[in-house]
Amino acid sequence: MEASAAGGTAARARAEELVGCVTDLYGAGLGRILEILAESGHLDDELLERLTGDDMVASLLLVHDLHPYDVETRVRQALDTVRPYLGSHGGDVELLDVSDAGVVRLRLLGSCDGCPSSSVTLQLAVEGAVEAAAPEMTRIEVETSQSGAASGEPVGPLISVDSLFSHVAPPVDAVSGSGTWVAVPALDSLTPGELAGFEVAGLGICACRIGREVFCFRDRCAHCGQSLAGGVVERRPGDPIGSGILRCAKCRSHYDVRRAGAGLDNADEHLEPLPVLVRGGTTSIAVPSAVAS
C-alpha cells in the first residue's frame with residue numbers, strides 16, 4: 001500500500017484492481033474445490049463440519065459467500081459455545097430472532113439475568129456470532145428480563161451491544177494491549193489431556209485441551225483453595241469420548257471440564273471458567289476487567 005500511495009492515484013487504483021483480481025481468483029478456486037468434493041461424493045456432513053469448524057477456512061467461505069450454513073444456524077452454533085459458562089451460573093441464552101435487516105435478538109434466561117459474570121460470557125457469544133460466525137449481522141439486541149416473558153407481561157428493555165460493552169470491556173491500551181480479551185498464543189501448543197498453568201494480565205489460570213477445544217479456569221481449586229498445578233485431566237471409565245474430569249492434586253476434588261468446571265464431589269463447588277475465543281487467528285482469554293486494568 002505504501003508503494004501504491006507513492007506512485008499516485010493511478011498506481012493505487014491499479015494495485016487495488018490487482019488485489020481484487022487475486023481475491024476473485026482464489027475465491028473461484030475454493031468454490032471449484034467444493035464442487036469437486038461434492039461431485040465425487042466426499043463432501044459429507046463430517047467433512048463439512050471439519051471445514052466450517054476451522055476458523056481460517058470458515059472465514060474464507062464467508063468472504064466468498066460459500067459457507068454451507070445459513071446465518072441463523074451459524075448464530076445458534078456460536079451461542080452453543082457459551083452455554084457451558086452460562087450453565088455454571090444456572091442460566092442459559094435463547095435466540096429469539098435473526099431478522100433480514102441483520103439484527104440478532106437474544107434473551108438471557110434463569111439466574112444469568114443480572115448476573116455480573118454473564119456480561120463477559122455474553123460478550124463471548126456476541127463476538128463469536130457476529131465477528132466469526134455471522135459478520136454480516138449489524139446489531140444485537142438483548143432482553144435482560146425473563147420474568148415478564150414467563151408471565152406474558154412485556155419483557156424488559158432491549159439493551160444495545162455498545163451500551164452493554166461499555167460496562168464490560170475497558171478501553172484497550174494501544175501500548176500495553178491490556179483489556180478484557182488477552183491473546184495467549186501459548187494455548188495453541190497444548191496437547192490433548194495436558195493441564196498447564198499460565199499467568200495472564202496478572203491472573204493465574206490453568207488451561208487444558210480436550211480434542212480440539214481449549215478450556216481455561218482461574219488457578220484455584222473450589223474446595224481447598226489451592227493451585228491446580230500438578231492436577232490431571234482424564235476420562236473416567238464409562239464416560240463418553242470427549243469428556244474430561246480435572247482432579248486437584250492437593251485435595252483430589254473432581255470437576256467436569258466441559259460443564260464449566262462443575263464440582264462432581266460437591267454440587268455447590270465449581271471452578272471459575274474463563275471464556276476462550278479465537279480472535280484474529282490467536283486464542284484469547286476473557287480476563288475480568290478488574291484484573292486486566
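Which residue forms a salt bridge with Glu 94, and how far apart are the closest N and O atoms? The partner is Arg 107, and the closest N and O atoms of the two are 3.2 Å apart. I should say at the outset that what we are looking at is a predicted model, so please hear everything that follows as a description of that model.

Let me stay with this pair for a moment, since it links distant parts of the chain, with Arg 107 in strand S2, residues 103–110, and Glu 94 in strand S1, 13 residues away in sequence. As for their surroundings, Arg 107 has a relative accessibility of 15%, and because the cut-off for buried is under 20%, Arg 107 counts as buried. Glu 94, by contrast, is partly exposed, with a relative accessible area of 29%. Strand S1, which covers residues 91–98, also holds Asp 97, and that residue counts as partly exposed at 33% relative accessibility. Asp 97 and Glu 72 are 25 residues apart in sequence, while their C-alpha atoms are 8.3 Å apart in space.

Turning to the other salt bridges, a search of the whole structure finds six, and I will mention two besides the one I opened with. In one of them the side chains of Glu 272 and Arg 218 meet, with an N to O distance of 3.0 Å, and this pair again links distant parts of the chain, Glu 272 lying in the loop between S12 and S13 and Arg 218 in strand S8, 54 residues apart. Both ends are partly exposed, Glu 272 at 36% relative accessibility and Arg 218 with a relative accessible area of 23%. In the other, Asp 239 forms a salt bridge with Arg 236, the closest N and O atoms being 3.4 Å apart, and here Arg 236 is partly exposed, with a relative accessible area of 36%.

Arg 218 brings us to the sheets, since its strand, S8, belongs to an open sheet of four strands in the order S6-S7-S8-S13, with antiparallel pairing. Strand S6, residues 195–200, and strand S13, residues 273–274, stand at the edges with a single partner strand each, so one side of each has no neighbour in the sheet. At the S13 edge, two bridges join S13 to strand S8, residues 213–218, in the antiparallel sense, and Phe 217 stands opposite Pro 273 there. At the S6 edge, six bridges join S6 to strand S7, residues 203–210, again antiparallel, with Ala 196 opposite Ala 207. S6 and S7 form a hairpin with two residues between them, and in that turn Ala 201 has a positive phi of about 50°.

There is another open sheet of four strands, in the order S9-S10-S11-S12, also with antiparallel pairing. Why is one side of strand S9 and of strand S12 left without a neighbour in this sheet? Strand S9, residues 232–234, and strand S12, residues 262–263, are at the edges and have a single partner strand each, so one side of each remains unpaired in the sheet. Strand S11, residues 254–256, pairs with S12 over two antiparallel bridges, and within that pairing Asp 256 has Ala 262 as its bridge partner. The loop between S11 and S12 contains Ala 260, which has a positive phi of about 60° although it is not a glycine, and which is buried, with a relative accessible area of 3%. Arg 252 likewise has a positive phi, of about 65°, without being a glycine, and its place is in the loop between strand S10, residues 245–247, and S11.

A further strand pairing deserves a word. Strand S5, residues 181–183, is joined to S15 by three bridges, and the two run antiparallel, with Val 182 opposite Ile 285. Strand S15 covers residues 282–286, and because four of its five residues are buried, the strand is largely enclosed by the rest of the structure.

Finally, a look at the surface, where Asp 44, Asp 45, Glu 46 and Glu 49 gather in a patch of negative charge. Of these, Glu 49 is found in helix H3, residues 45–53, and at 56% relative accessibility it counts as exposed, since the cut-off for that word is over 50%.

Conventions:
Residues numbered from 1 in each chain as written. Predicted model: local features only at pLDDT ≥ 70, side-chain atom pairs only at ≥ 80, totals over all residues. Heavy atoms only, no water. Buried < 20%, exposed > 50% of the residue type's maximum accessible area, 1.4 Å probe, protein only. Pairing = 2+ DSSP bridges. Patch = residues over 30% accessible without salt bridge, like charges linked within 9 Å, V, L, I, M, F, W, Y side chains within 5 Å. Areas by Shrake-Rupley, 256 points an atom, 1.4 Å probe, with all protein chains shown as cover. Salt bridge = Lys/Arg side-chain N within 4 Å of Asp/Glu carboxyl O. Lys, Arg positive; Asp, Glu negative; His and termini not counted. Charge placed at Lys NZ, Arg CZ, Asp CG, Glu CD.
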